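Q: I would like to take a close look at one part of this protein. Could you walk me through it slowly?

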Amino acid sequence: MKYNTETINDVAKELAEMFRTEVIEQHATGKGTTTIAKIETSMREMLRQIGVQILGMFLSSMQTTPASEIACECGGVLKYQRMRPATLISVFGKVTYERAYYAGCSCKKGNAPLDDQFGLEPGAVTAGLAALLALAGIEFSYDESPKWIEAYLLFDVSENTVRSETEQMGALQEQREENLIQHSQDEACLQERLRNPGKIVTRLYGSMDAAKVRIEPRPKKGEEKAEHEDWRDMKVLCWYEVETVSPAQRSTRQRIKAIREQAVLRAKNMRYFCDITDADDFGKLLWATGCTVNADLSPELVFLGDGAVWIWNLVAHYYANAVQIVDWYHAEEHLEGVAMAAFEAPSERTPWIEAVTQSLWDGQVEDVIIACEALAQSCPKAHQAVTYFTNNSERMRYDKFRAAGFMIGSGTIESGCKQIVSHRLKLPGAQWEVAGAVQTAKARAVWLSGQWQNLCDLHSALPLAI
């Protein structure tokens, strides 16, 4: 929408004069000192109230002269009854407007065409407010969110309203993903994508990981207690690209890292997806979302992850030609664990860990395995490490990976798990059912992926046929 600058200036001058008059009057009557903070708060409250009036007047003004009757969805006829008021909750607070209401069909359903036109549901929140409430819901706990909303919007909403709108956003994302899965399994859709693939990234990365979420089942009807709490894996997937960090942009940590690794890489254009489900179903999401970024068409597809078997099984099944890399830091931690378990004295531990870590860095995984085998008989940790490095040996050719310019750390997906799961789902006192945890996490993943407006557009779905 475009706004008339001259009209806005006229309104602003009138409001500014009103405030100036009030401030002068307060000083003259000795009613207290008027600070800029008080003026700002007063202005915000006044503008909020003006917004309530304007939105109500606008919606009422969009009601044209009512027709005597209109068609009903069932095929019958609805007859004009009266101009009927309705109230909804907007970004300004509760707004009341009037619109034509029709009823009298044999199906017993009424209709207000203006509500349909603007996607309004009397008694509910508007799409604009829903987006803001959901933003609060994906950032703060549901019991804390109303406090932040009141501070920003200057009116109260309930905890349940925040929860409902946040989960609704997550439900929309669930539906989007289900549609993607259906399209990714439809031969006609796949063929069309091959004919018109759109952007294909030369080198694309994918990472998967999981983080635990505490699920607390509610008692079923007729039961006094629910089943005991359960910890479930929230699987997280990220598609992303990588760029080089220039020396001038490097942080202290990155400068230290550059001494050894030379080039410093960071992720960009991250897109996160998540779910609490088994590996097979998550694989469908892996393939479907991969189709949206043309992962299977990328000349170089690189997957980073820890040693979890489910990750590499899915990668091998859906992207057999992808480069597979075990996160360097996970591999290094395994060696540190062996050293701590096998050697009590630092004088023995330090030389061993330095030697095997260097071998690992140079891609000499066989030497690492031999070093662990030498300790395996008396050290169970070393025995486990032999299996770990043997199973992942081809995913640990770090010399070749570095030479190719690949990122070798899975910090991107670990950060995603922290931001999606730890930051939101593990807040103090958080209690989740599976559906609520999944929907809240999915909504947050969309926000972290920079796709929030797309979700808001789905929620709005306003025809605006004016």
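Which residue forms a salt bridge with Lys 442, and how far apart are the closest N and O atoms?

A: Happy to help! This is a predicted model, in which local features need pLDDT of at least 70 and side-chain atom pairs count only at pLDDT 80 or more, while totals for chains, interfaces and linings use all residues. Residues are numbered from 1 along each chain as its sequence is written, and side-chain values use heavy atoms, with hydrogens and water left out.

The partner of Lys 442 is Asp 275, and the closest N and O atoms of this salt bridge are 3.8 Å apart. A salt bridge here is a side-chain nitrogen of Lys or Arg within 4 Å of a carboxyl oxygen of Asp or Glu. Side chains of opposite charge can pair when their charged atoms come close.

Now for where the two residues sit. Lys 442 belongs to helix 17 (residues 434–448) and Asp 275 to strand 6 (residues 265–275), so the pair ties together parts that are 167 residues apart in sequence. Helices (H or I, at least four residues) and strands (E, at least two) are DSSP runs, numbered from the N terminus.

Both Lys 442 and Asp 275 are buried. Buried means under 20% relative accessible area, exposed over 50%, and partly exposed in between, using a 1.4 Å probe and protein chains only. Glu 177 joins the picture too: salt bridges that share partners link Glu 177, Asp 275 and Lys 442 into one network.

For comparison, look at Arg 99 and Asp 115, whose salt bridge has its closest N and O atoms 2.9 Å apart. Arg 99 lies in strand 3 (residues 93–103) and Asp 115 in helix 3 (residues 113–118), 16 residues apart. Arg 99 is buried at 6% relative accessibility, and Asp 115 is buried at 6%.
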